[in-house]
Amino acid sequence: MADVGKKKARGVEGSGLPVKIMCPDKTLFDGMAESVIIKTNDGYEGFLKDRAACCRLLASEGRIKLREQGTADFKTIKSKGGFAHMDGTLTIYADEAEYEE
């Protein structure tokens, strides 16, 4: 009875955090991550599986650091503006975004 009324995460039980990173002309990432760090207007903020629902504005210029599930290295994406929405799946809508080399 304790689970009644609780929202379930959309990810597979025991897996990482479902993440989708998009900008108007393309989808940069659509998969599972261990962790994601974004730069917001208030500073840096991290996201892990089972984090509480929220919505955050991305900084006008910043970076998104993404560690894919099963890897040790972070991928870095340069971003300009947009927002992040967390509801079991982290969806990032950036005004502009591209992988950093």
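Strand β1 is mostly covered: six of its seven residues are buried. That strand is a good place to enter this predicted model. It spans residues 17-23.

β1 has two partners. On one side of the account is β2, which runs antiparallel to β1 and is joined to it by seven bridges. A hairpin of two residues makes the connection from β1 to β2. The other partner is β7, which runs parallel to β1 and shares four bridges with it. M22 shows both pairings. It stands opposite T27 in β2, and M22 also stands opposite Y93 in β7.

Now step back to the whole chain. The protein chain has seven strands and zero helices. Along the sequence the pattern reads β-β-β-β-β-β-β. Of its 101 residues, 38% count as buried. Contacts reach across the sequence: among those with a separation of 6 or more, 49% join residues 24 or more positions apart. The chain exposes about 6300 Å², and carbon and sulfur atoms supply 49% of that area.

Next, the interior. The largest nonpolar core holds 21 residues, and V19, I21, V36, I38, F47, L90 and I92 touch the most other members. The elements that give two or more residues to this core are β1, β2, β5, β6 and β7. β2 gives the most, with five residues. L90 shows how such a residue is surrounded. Leaving aside residues up to four places away in sequence, L90 touches L17, P18, V19, K20, V36, F47, A84 and H85.

K20 leads from the core back to β1, its home strand. Is K20 buried or exposed? Neither label fits: K20 counts as partly exposed because its relative accessibility is 29%, between the cut-offs of 20% and 50%. Its contacts beyond four places in sequence are T27, F29, D30, L90, T91 and I92. One of these, T91, is 71 residues from K20 in sequence, yet their C-alpha atoms are 4.8 Å apart.

Another of those contacts carries charge. K20 and D30 meet through their side chains in a salt bridge, 3.9 Å from N to O. The pair links distant parts of the chain, with K20 in strand β1 and D30 in strand β2, ten residues apart. D30 counts as exposed because its relative accessibility is 56%.

How many salt bridges are there in total? The count comes to seven. Another of them joins R56 to E45, with the closest N and O atoms 3.0 Å apart. R56 lies in strand β4 and E45 in strand β3, so this pair ties together parts that are eleven residues apart in sequence. The two ends are covered to unlike degrees. R56 is partly exposed, with a relative accessible area of 29%. E45 has 16% relative accessibility, so E45 counts as buried. The linkage extends further, since E45, R51 and R56 form a network of salt bridges.

E68 and K75 make a further salt bridge, with their closest N and O atoms 2.6 Å apart. Here E68 is partly exposed, at a relative accessible area of 24%. K75 is partly exposed too, at 34%.

K75 is also where strand β6 begins, as β6 covers residues 75-86. Follow β6 to S79. S79 counts as buried because its relative accessibility is 5%, where the cut-off is under 20%. Which residues does S79 touch, apart from those up to four places away in sequence? They are S60, E61, G62, R63, I64, A94, E96 and A97.

Finish on the surface. Y44 sits in strand β3, residues 43-47. At 60% relative accessibility, Y44 counts as exposed. Y44 has nonpolar company there: I37, Y44 and F74 form a nonpolar patch on the surface. Together these residues have about 310 Å² of accessible area.

Key. Residues numbered from 1 in each chain as written. Predicted model: local features only at pLDDT ≥ 70, side-chain atom pairs only at ≥ 80, totals over all residues. Heavy atoms only, no water. Patch = residues over 30% accessible without salt bridge, like charges linked within 9 Å, V, L, I, M, F, W, Y side chains within 5 Å. Areas by Shrake-Rupley, 256 points an atom, 1.4 Å probe, with all protein chains shown as cover. Salt bridge = Lys/Arg side-chain N within 4 Å of Asp/Glu carboxyl O. Buried < 20%, exposed > 50% of the residue type's maximum accessible area, 1.4 Å probe, protein only. Contact = heavy atoms within 4.5 Å. Core = buried A, V, L, I, M, F, W, Y, C linked by side-chain atoms within 4.5 Å. Pairing = 2+ DSSP bridges.
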